[in-house]
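Colleague: Could you take me through this model step by step, with the reasoning behind each answer?

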Amino acid sequence: MLTFLDSHCECNEGWLEPLLERVVEDRTRVVSPIIDVLNMDNFHYAGASANLRGGFDWNLVFKWDYMTMAEIDKRRSNPIAPIRTPMIAGGLFLVEKKRFEEIGKYDISMNVWGGENLEISFRVWQCHGSLEIIPCSRVGHVFRRQHPYTFPGGSGMVFARNTRRAAEVWMDDYKSFYFAAVPSSKHVAYGDIRSRLLLREKLKCRPFEWYLQNVYPQLKIPTKVASKHGSIHQNDQCIDTLGHFEDGTIGLFTCHHSGGNQEWELTKDYLVKHSGWCLTLTAASSHYPVILKICDSSEEKQHWWLDGSLLHHKHHNFCLDSWQHHKHGLTVDQCDKSSDTQRWHFTLTAAT
Ligand SMILES: [Mn+2]
């Protein structure tokens with residue numbers, strides 16, 4: 001077993017056994033004690049709340065989340081039950097040594113401090129394990145006000161680089177919410193991540209969307225979506241430019257999942273975009289084709305929104321329809337939620 005503890009920790013009585021027990025029962029678990037507080041001026045030991053979980057906002061900075069009253073009530077009958085946590089603090093945990101090696105240890109291209117807790121948390125969950133806080137195990141920790149050492153290039157830069165590496169490897173298209181929350185992160189050089197992407201592929205790790213839905217449903221997904229890249233399809237048929245450009249129609253073609261003519265971007269200003277061309281309404285009238293035109297976000301004919309499964313024109317009650325795609329390409333028709341030929345699914349492009 002490997003136990004990681006920051007140097008500025010003090011273990012309480014019987015801290016180790018409850019951690020070992022959970023990992024012996026299931027070696028895919030990575031477990032953390034409750035982290036009590038050592039006063040940084042006098043090392044006075046104070047117990048921390050047992051009603052906390054590790055989490056983060058879209059800035060990807062670790063924070064403690066309070067459980068809801070309902071969750072706290074539920075725990076009263078069994079206060080020693082392990083607490084599933086979306087994130088661990090990073091400096092205090094126990095993992096089976098062989099398991100730690102299997103799932104890729106640490107990202108050794110991260111520097112000094114920061115971001116590694118995010119990375120290991122995403123990795124453990126997405127690669128078929130789990131993270132728990134074990135209330136029967138308590139370890140005190142000095143929460144410092146500042147780092148007692150310096151960072152090459154400044155702590156902000158190092159933290160941003162490490163965090164960006166974690167986001168690039170594990171968050172798929174959801175990383176765009178991080179870029180929106182921390183715009184400077186977009187310009188941070190993050191080095192080579194190929195070996196980490198290979199690791200993710202080798203371990204057949206789950207998409208970030210799975211993590212959000214199953215591990216951290218409390219994290220609110222911003223409604224104002226930045227832009228999303230991916231394919232738009234009906235069953236196995238994807239919207240395809242068929243190699244057409246300006247003024248060309250678009251059609252359906254069997255999905256090949258490799259982007260190209262089937263790669264579309266839904267932008268926050270309502271464009272449905274392929275390279276520099278956008279889906280454009282030719283007339284607000286049934287059965288008229290939709291064509292490709294140079295994108296112009298001020299052009300109302302190019303404004304669409306994803307209304308459930310409908311690809312709905314923003315200013316008219318017309319929706320993208322495939323009923324006569326063999327003859328005329330994709331057209332518009334009166335929106336009808338029950339129509340199979342108006343039902344579209346958007347699949348985000350994988351990060352690989
Ligand atoms: Mn620490």
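**Helix packing and aromatic pairs**

Modeller: In this predicted model, the axes of helix 5 and helix 7 (residues 194-202) approach within 9 Å and cross at roughly 40 degrees.

Colleague: Is helix 5 roughly parallel or oblique to helix 7?

Modeller: An angle counts as roughly parallel under 35 degrees, and the axes of helix 5 and helix 7 cross at roughly 40 degrees. The crossing of these two helices is right-handed. The angle therefore makes helix 5, relative to helix 7, oblique.

Colleague: How many charged residues are there in the contact of helix 5 with helix 7?

Modeller: From helix 5 the contact draws R165, E168, V169 and W170, which meet R196, L197 and R200 of helix 7. Divided by class, the residues of this contact comprise three that are nonpolar, none that are polar and, as charged residues, four.

Colleague: Is helix 4 roughly parallel or oblique to helix 5?

Modeller: The axes of helix 4 (residues 116-126) and helix 5 (residues 155-170) come within 9 Å, with a crossing angle of roughly 20 degrees. Since angles under 35 degrees count as roughly parallel, helix 4 is, with respect to helix 5, roughly parallel.

Colleague: What is the handedness of the crossing, left-handed or right-handed, where helix 4 passes helix 5?

Modeller: On the side of helix 4 the contact involves L118, E119, F122, R123 and Q126, and on the side of helix 5 it involves T163, A166 and W170. By class, this contact of helix 4 with helix 5 has four nonpolar, two polar and two charged residues. The crossing in which helix 4 passes helix 5 is left-handed.

Colleague: Which residues form one aromatic cluster with F122?

Modeller: F122 is one of the helix 4 residues that meet helix 5. The cluster that includes F122 also takes in F56, W58, Y174, F177, F208, Y211 and Y216.

Colleague: Is the aromatic pair of F4 and Y106 stacked or edge-to-face?

Modeller: The structure holds 17 aromatic pairs. In the one formed by F4 and Y106 the centres are 5.7 Å apart and the planes stand at 85 degrees. Planes over 60 degrees apart count as edge-to-face, and the pair of F4 and Y106 is accordingly edge-to-face.

Colleague: How many residues apart are F4 and Y106?

Modeller: F4 belongs to strand 1 (residues 2-5), whereas Y106 sits in the loop between helix 3 (97-102) and helix 4, so that the pair links distant parts of the chain. F4 is partly exposed, with a relative accessible area of 24%, and Y106 is also partly exposed, at 24%. The separation of F4 and Y106 is 102 residues.

Colleague: Which residues, leaving aside neighbours within four places in sequence, are in contact with E263?

Modeller: E263 lies in the loop between strand 12 (251-254) and strand 13 (264-266), and E263 is partly exposed because its relative accessible area of 21% does not fall under the 20% that defines buried. Once neighbours within four places are left aside, the residues in contact with E263 are H229, G230, K273, H274 and T349.

Colleague: What percentage of the residues of the protein count as buried?

Modeller: The protein contains nine helices and 21 strands, and its C-alpha trace spans about 75 × 50 × 35 Å along the principal axes. Of the 352 residues of the protein, the share that count as buried is 46%.

Definitions and conventions. Residues numbered from 1 in each chain as written. Predicted model: local features only at pLDDT ≥ 70, side-chain atom pairs only at ≥ 80, totals over all residues. Heavy atoms only, no water. Axes fitted to C-alpha atoms, helices over the stretch in contact; angles between N-to-C directions. Parallel < 35°, antiparallel > 145°, perpendicular 65-115°, else oblique. Left-handed = near helix turned anticlockwise from the far one by under 90°. Contact = heavy atoms within 4.5 Å. Nonpolar A, V, L, I, M, F, W, Y, C, P; charged D, E, K, R; others polar. Phe/Tyr/Trp six-rings, centres within 6.5 Å; stacked < 30°, edge-to-face > 60°. Buried < 20%, exposed > 50% of the residue type's maximum accessible area, 1.4 Å probe, protein only.
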